[in-house]
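This report describes a protein model and the surroundings of its ligand. The sequence and structure are shown first, and the discussion follows.

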Amino acid sequence: MIFEAFTQSGDETRKLGEFLGKMISTPLSIALSGDLGAGKTTFVQGLARGLDVPDAYYVTSPTYTIINDYPGRLPLYHLDLYRLGSPDELDYLGIDDIIARKGVIVVEWPEIIAGNSLRYDLELCFRTDRNFNRTISFSASGLESANLLQKLFASPGSTGKKAME
Ligand code: ADP
Ligand code: MG
């Protein structure tokens, strides 16, 4: 099942991330795909807020560091693979250890290491339309994450809709 949300500003994209963040209570991995400037990091800023990461932490793309981590209700690991040299680099950065810590893992540019050991419960795809608004599609793998999406899009105030069965 695929759901779609539509946002018309950076703040709305952030709110959507926060909305999802609030609903997360168990470890989850999320892939964020879409062009540069599509709103992936903006979404993660909201996600961090929804996971109660203190406002003192300012979430930016970990383009050069590859991984940033933040303390929240669950630990948040934000990865940006855009400048990853090779998949081996993730091993050096301790990806197995991070997976074992049972937090929320969000990955920008997941396609850079497609087919690798990272598996995603949710896949989000950000698209910019000709008016510079964003359509964000959500798909889940597994029952638990499918239920999470059902709940997210059924909530009052949710801007999304079911796009496909
Ligand atoms: P990415 O991480 O995908 O490269 P960023 O989140 O860093 O993108 O930057 C996206 C930019 O687009 C930010 O300035 C953000 O405020 C803006 N933005 C996000 N969503 C929307 C939207 N729906 N409409 C207009 N601007 C948006
Ligand atoms: Mg980014």
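Where in the chain is D52 placed? D52 sits in the loop that joins α2 to β3 (67-70). The model is a predicted one. Directly after α2, D52 adopts a positive phi of about 65°, and D52 is a residue other than glycine. The relative accessible area of D52 is 48%, so the residue is classed as partly exposed.

A second non-glycine residue with positive phi is W109, at near 60°. W109 belongs to the loop between β5 and β6. Because its relative accessibility is 14%, W109 counts as buried. The loop between β5 (104-108) and β6 (122-128) also holds I112, which is partly exposed because its relative accessibility is 38%. On the surface, I112 joins L36 and Y82 in a nonpolar patch, and together these residues have about 300 Å² of accessible area.

**Helix α2 and its packing**

How is α2 placed relative to the rest of the structure? Nine of its 11 residues are buried, so α2 is largely enclosed by the rest of the structure. The buried residues are K40, T41, F43, V44, Q45, G46, L47, A48 and G50. They pack against α1, β2 (28-33), β4, β5, β6 and β7.

Residue L76 illustrates the packing between α2 and β4. L76 lies in strand β4, which spans residues 76-80. With a relative accessibility of 0%, L76 is buried, because buried means under 20%. Leaving aside residues up to four places away in sequence, L76 touches V44, L47, A48, L51, V53, N68, D69, Y70, V104 and V106. Of these contacts, L47 is 29 residues from L76 in sequence, yet their C-alpha atoms are 9.0 Å apart in space.

Strand β7 (residues 134-140) contains T135. T135 has a relative accessible area of 17% and is therefore buried. Apart from residues up to four places away in sequence, the contacts of T135 are E4, A5, F6, C125, F126 and R127.

**The ligand site**

Which residues come nearest to ligand 1? Among the 16 residues around ligand 1, these are T7, T13, G37, K40 and T42. Both α1 (10-23) and α2 (40-50) supply at least two residues of the shell, and α2 gives the most, with three residues. One of the nearest residues, K40, is also among the buried residues of α2.

For G37, K40 and T42, the table lists the separation between an oxygen atom of ligand 1 and a polar atom of the protein.

| Residue | Protein atom | Distance to an oxygen atom of ligand 1 |
|---|---|---|
| G37 | polar backbone atom | 2.7 Å |
| K40 | N or O atom in the side chain | 2.7 Å |
| T42 | N or O atom in the side chain | 2.5 Å |

On its own, ligand 1 has 580 Å² of accessible area, and the protein covers 71% of that area.

In summary, α2 is largely enclosed by the rest of the structure, because nine of its 11 residues are buried. The helix also gives three residues to the shell around ligand 1, and D52, with its positive phi, comes just after α2.

How values were computed:
Residues are numbered from 1 along each chain as its sequence is written. Chains are lettered from A and ligands numbered from 1 in the order in which they are written. This is a predicted model: local features need pLDDT of at least 70, side-chain atom pairs count only at pLDDT 80 or more; totals for chains, interfaces and linings use all residues. Side-chain values use heavy atoms; hydrogens and water are left out. Helices (H or I, at least four residues) and strands (E, at least two) are DSSP runs, numbered from the N terminus. Buried means under 20% relative accessible area, exposed over 50%, partly exposed in between (1.4 Å probe, protein chains only). Contact means heavy atoms within 4.5 Å. Patches are made of residues with over 30% relative accessible area and no salt bridge: like charges are joined within 9 Å, nonpolar side chains (Val, Leu, Ile, Met, Phe, Trp, Tyr) within 5 Å. Accessible areas come from the Shrake-Rupley method with a 1.4 Å probe; for residues, only the protein chains shown count as cover. A salt bridge is a side-chain nitrogen of Lys or Arg within 4 Å of a carboxyl oxygen of Asp or Glu. A residue is near a molecule or strand if one of its heavy atoms lies within 4 Å of it. A polar contact is a pair of N or O atoms within 3.5 Å; within protein, one must be able to donate a hydrogen and the other to accept it, and residues adjacent in sequence count only if both atoms are side-chain atoms.
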